[in-house]
Amino acid sequence: MTALKGSALALAMAAAVLATPLKSETIVATGDLGLVVERANGSLLLIDQSERAAITRIEGLGDLSHASLVYSPDQRFAYVFGRDGGLTKVDITSGQIVKRVVQSGNAIGGAISDDGKLVAVSNYEPGGVRIFDADSLHLVADIPTGSKTIGLVDAPGRKFVFTLWDDGETWIADLSAGEPSITRIREIGANPYDALITGDGRLYITGLFGEDGLTAIDLWAAEPAPIRVLPEYGRGQKELPVYKMPHLEGWARAGQEFVLPAVGHHQVLWIDASDLSETGRTETYGQPVFAMSRPDGRQVWVNFAHPLNDTIQVIDTVSKEVVHELKPGKAVLHMEFTPRGHEVWVSVRDSGKVIIYDTRTFEKRGEIDAESPSGIFFTSRAHRTGL
């Protein structure tokens with residue numbers, strides 16, 4: 001009887017709280033927002049998806065020439081990784097920098113743990129990975145590697161996975177017990193340049209620059225080991241100069257296949273997600289940089305390296321054929337889909353524009369002025385592994 005009375009009281013109290021209207025000034029919705037990196041000025045442009053408009057500019061973030069960022073689970077804070085080694089925490093509800101630390105001489109991206117408590121930064125100089133408390137930005141762990149680190153991603157279970165450019169190894173750092181426990185996986189391949197993790201957190205795939213093919217690791221295996229993927233790709237073909245390294249973070253998962261940009265070739269590669277065998281190749285306009293899947297998986301949008309960086313091609317994932325081509329302008333650097341994929345936002349650096357397209361009709365829906373825009377990051381990324 002006492003338990004029933006207690007439950008009734010709790011329900012009554014909850015109903016009273018729900019019936020009390022919140023003050024309008026306490027309500028801050030972040031799900032419709034995003035940030036555009038303005039690489040030339042060290043600034044961020046806060047944008048509103050529904051309004052297709054800029055809200056404010058946030059300045060003072062240092063060298064953003066190869067910047068990326070991640071969001072806290074509540075979408076309120078962005079953690080920005082600058083090329084100058086800067087790690088900057090930004091409150092997008094106020095449009096202000098909360099804290100900034102310069103943690104290395106040269107950094108190349110970062111990740112946030114699945115519980116949102118830790119932020120990791122991947123470094124070229126002095127190499128290694130440094131891990132910070134997400135609230136205070138105090139250093140929690142320093143993992144020296146003696147090598148440039150690339151392909152840093154978060155994995156389930158408060159883990160970070162990253163790869164060593166110089167040594168051809170992948171390391172798994174498990175921080176579930178506090179201090180990092182390191183698993184080293186050797187013989188990944190020569191000069192791994194970037195990596196991705198699948199949305200379920202199972203496969204970690206690394207692209208290789210020093211040799212043909214890619215390497216996959218099954219993170220669910222009791223003893224993770226390298227799995228060579230497309231080991232013969234590129235052999236016997238005329239090599240082309242690589243104008244810009246492709247970004248595997250912009251990989252596409254379309255149904256049961258992966259779509260990856262090829263290194264040094266005018267192609268994207270199709271790989272069966274179940275056995276990692278090749279299922280096709282699509283000839284493209286130039287060397288792909290990003291091959292990004294619309295959220296429903298029906299289309300893959302591809303942009304290209306200099307000097308062919310004025311073009312986007314759209315590939316239908318059923319036919320694997322190019323079905324549309326757009327010319328937004330010189331230096332198309334990045335694309336970002338709205339969470340359900342009805343629009344894609346495209347940064348065009350040399351035009352100083354972010355251009356918005358309807359993904360079904362390909363009609364232009366709007367544009368926003370920006371200073372040398374590059375990466376576009378919507379807050380929906382907060383709830384996706386590896387982004």
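Let me begin with burial: of the 387 residues in this protein, buried residues make up 53%. I should say straight away that what we are looking at is a predicted model, and everything I describe is computed from it.

In terms of secondary structure, the protein has 32 strands and one helix. If we take the contacts between residues at least 6 apart in sequence, 40% of them join residues that are at least 24 apart. As for the surface, the protein exposes about 16,800 Å², and carbon and sulfur atoms supply 50% of that area.

I would like to spend the rest of my time on the charged pairs. Side chains of opposite charge can pair when their charged atoms come close. With a cut-off of 4 Å between a side-chain nitrogen of Lys or Arg and a carboxyl oxygen of Asp or Glu, the count comes to 23 salt bridges.

Which residue forms a salt bridge with Arg184? The partner is Glu169, and the closest N and O atoms of the two are 3.1 Å apart. Arg184 lies in strand 15, residues 181-185, while Glu169 lies in strand 14, residues 169-174, so this pair ties together parts of the chain that are 15 residues apart in sequence. Are the two ends of this bridge buried or exposed? Arg184 is partly exposed, with a relative accessible area of 42%, whereas Glu169, at 7% relative accessibility, counts as buried.

Glu169 also forms a salt bridge with Arg186, and here the closest N and O atoms are 2.9 Å apart. This pair again links distant parts of the chain, since Glu169 sits in strand 14 and Arg186 in the loop between strand 15 and strand 16, 17 residues apart. Arg186 is partly exposed, its relative accessible area being 48%.

Further along the chain, Arg298 forms a salt bridge with Asp316, with the closest N and O atoms 2.8 Å apart. Arg298 is in the loop between strand 24 and strand 25, and Asp316 is in strand 26, residues 312-316, which places the two 18 residues apart and makes this another link between distant parts of the chain. Arg298, at 41% relative accessibility, counts as partly exposed, while Asp316, at 12%, counts as buried.

Finally, which residues are linked in a network of salt bridges? Lys353 and Lys364 are linked in such a network with Glu367 and Asp369, and I would suggest we look at that group together in the structure above.

Methods
Residues numbered from 1 in each chain as written. Predicted model: local features only at pLDDT ≥ 70, side-chain atom pairs only at ≥ 80, totals over all residues. Heavy atoms only, no water. Helix = DSSP H or I, 4+ residues; strand = E, 2+ residues; numbered from the N terminus. Buried < 20%, exposed > 50% of the residue type's maximum accessible area, 1.4 Å probe, protein only. Contact = heavy atoms within 4.5 Å. Areas by Shrake-Rupley, 256 points an atom, 1.4 Å probe, with all protein chains shown as cover.
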